Amino acid sequence: MSTEALHRLVVNGDVCGSGRLGLRAKLRMREAMYGVFASGFDAAGVGECSFRMEDRGDGVLVALAPDVPSAQLVGPWLEGVYQRLRQENEGRAEPLRMRVAMHAGPVAEDARGLAGRAVDLTCRLCDSDTARDVIELARRAPLLFVVSDSLYHDVVAEGGACIEPEHYRKARVSKKETDTEAWFHVPRLPYPPLPAPERPRVTGVHAARGPAPEQGGGADHGGSAPPPEYAAKYHFGHIGGSNQIFDGNTFNGDFTGVRDTASGPETGSATEGGGR
């Protein structure tokens with residue numbers, strides 16, 4: 001078997017909440033999961049000879065043959081998967097829900113399985129906190145679909161049968177060594193419910209000149225900025241987090257590296273002793 005890397009489409013699917021299932025329920029889940037993927041391949045007209053599939057317990061990893069058009073997977077295949085999931089969930093007390101990710105790139109294959117950065121990225125997109133948050137927010141949806149930024153622009157954005165680029169939204173994904181943007185889609189929703197972005201922490205903040213702030217606010221929240229003598233006396237290296245009170249002044253965040261400018265370098269942290 002040749003281990004030369006070829007450009008292939010990679011698919012990673014994972015069942016949500018499978019860790020809560022007992023053995024019998026997990027076996028039923030696996031049977032349904034494989035049926036869902038098979039329906040997708042049937043809808044896309046892709047035969048078993050055109051892909052390599054690996055079992056991942058509560059998920060599967062698939063690499064398509066280089067000659068399989070990616071548009072068949074992001075279009076008819078996805079629609080077939082969605083429709084089969086709907087059928088599987090009829091009458092189920094606990095619906096089967098899945099996260100599915102796709103990316104394309106060089107993939108090597110040997111007797112033990114699939115390898116390559118394209119495989120790594122696809123799995124990280126599927127298992128990312130962002131993907132988990134989106135499927136959690138879309139509580140009634142059976143399927144979340146995630147594609148890499150490059151696959152979106154190369155394939156999804158071009159449109160085609162069963163492809164709806166206008167219903168995708170972009171969000172950042174951070175997982176292990178991966179920090180990238182990906183595109184999210186929940187079939188039959190106008191747009192996916194993306195989690196709110198984290199508020200960035202503020203660093204390098206200096207005390208402003210002005211009268212001392214009132215309790216519970218600063219200049220923008222019913223209070224005001226510190227007085228000139230206070231600004232001249234203290235330097236703030238970092239502020240962020242919940243409300244803090246220091247030397248009679250309230251700050252919207254924990255802070256570190258506060259020092260008396262007359263005494264030289266910082267000697268400690270204002271968050272020491274439970275200030276956070």
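Tutor: Contact here means heavy atoms within 4.5 Å, and the model we are reading is a predicted one.

Student: Which residues does S18 touch, not counting residues up to four places away in sequence?

Tutor: S18 sits in the loop between β1 and α1, the latter covering 23-44, and with a relative accessibility of 5% it counts as buried. Once residues up to four places away in sequence are set aside, the residues that S18 touches are K26, M29 and D58.

Student: What distance separates the side chains of S18 and D58 in their polar contact?

Tutor: D58 is one of the residues that S18 touches, and the side chains of these two residues are also joined by a polar contact. The length of that polar contact between S18 and D58 is 2.6 Å.

Student: Where is S128 placed, and with which residues is it in contact, leaving aside its neighbours within four places in sequence?

Tutor: S128 belongs to the loop between α3 and α4, where α4 spans 129-137, and its relative accessible area of 0% makes it buried. A polar atom of its side chain lies 3.1 Å from the backbone nitrogen of A131. When neighbours within four places in sequence are left aside, the contacts of S128 are V173 and K175.

Student: How many salt bridges does the structure hold?

Tutor: Side chains of opposite charge can pair when their charged atoms come close. Among the pairs in this model are D14 with R99, whose closest N and O atoms are 2.9 Å apart, and R84 with E88, at 3.1 Å from N to O. The number of salt bridges in the structure is 16.

Student: How many residues apart are D14 and R99, a pair that links distant parts of the chain?

Tutor: D14 forms a salt bridge with R99, and both ends are buried, because D14 has a relative accessible area of 16% and R99 has a relative accessibility of 3%, each under the 20% limit. In this pair D14 comes from strand β1, residues 6-15, and R99 from strand β4, residues 98-110, so that their separation along the chain is 85 residues.

Student: Which residues are joined into one network by salt bridges that share partners?

Tutor: R99 also meets D127 in a salt bridge, with 3.8 Å from N to O, and this second pair again links distant parts of the chain, with R99 in strand β4 and D127 in helix α3, residues 117-127, 28 residues apart. D127 is partly exposed, at a relative accessible area of 26%. Through salt bridges that share partners, the residues joined into one network are D14, R99, D127 and R132.

Student: By about how much are R84 and E88 separated in helix α2?

Tutor: The side chains of R84 and E88 meet in a salt bridge, and R84 is partly exposed, with a relative accessible area of 24%. Because the two residues are 4 residues apart in helix α2, which covers residues 70-88, their separation is about one helical turn.

Student: At which residue does α2 bend?

Tutor: With 19 residues, α2 reaches 26 Å from its first C-alpha to its last, close to the 27 Å expected at 1.5 Å a residue. Its buried residues include G75, P76, W77 and L78. The helix bends by about 35°, and the residue at which it does so is W77.

Student: How many bridges join strand β7 to β8?

Tutor: Strand β8, residues 178-185, runs antiparallel to strand β6, residues 143-148, and 4 bridges join them, with V146 standing opposite F184. Strand β7, residues 169-175, is antiparallel to β8 as well, and there A171 has A182 as its bridge partner. The number of bridges joining β7 to β8 is 7.

Student: Which residue in the turn between β7 and β8 has a positive phi?

Tutor: Most residues other than glycine have a negative phi, and most peptide bonds are trans. In the hairpin formed by β7 and β8, with 2 residues between the strands, the residue in the turn with a positive phi, about 55°, is K176.

Student: What is the phi of R188, which is not a glycine?

Tutor: C162, in the loop between α5 and β7, has a positive phi near 65° and is partly exposed at 47% relative accessible area. R188 is found in the loop between β8 and β9 and is partly exposed, with a relative accessible area of 48%. Although R188 is not a glycine, its phi is positive, with a value of about 80°.

Technical notes: Residues are numbered from 1 along each chain as its sequence is written. This is a predicted model: local features need pLDDT of at least 70, side-chain atom pairs count only at pLDDT 80 or more; totals for chains, interfaces and linings use all residues. Side-chain values use heavy atoms; hydrogens and water are left out. A salt bridge is a side-chain nitrogen of Lys or Arg within 4 Å of a carboxyl oxygen of Asp or Glu. Buried means under 20% relative accessible area, exposed over 50%, partly exposed in between (1.4 Å probe, protein chains only). Two strands pair if DSSP finds at least two bridges between them. The expected span of a helix is 1.5 Å times one less than its number of residues. The bend at a residue is the angle between axes fitted to the seven residues ending there and the seven starting there. A polar contact is a pair of N or O atoms within 3.5 Å; within protein, one must be able to donate a hydrogen and the other to accept it, and residues adjacent in sequence count only if both atoms are side-chain atoms.
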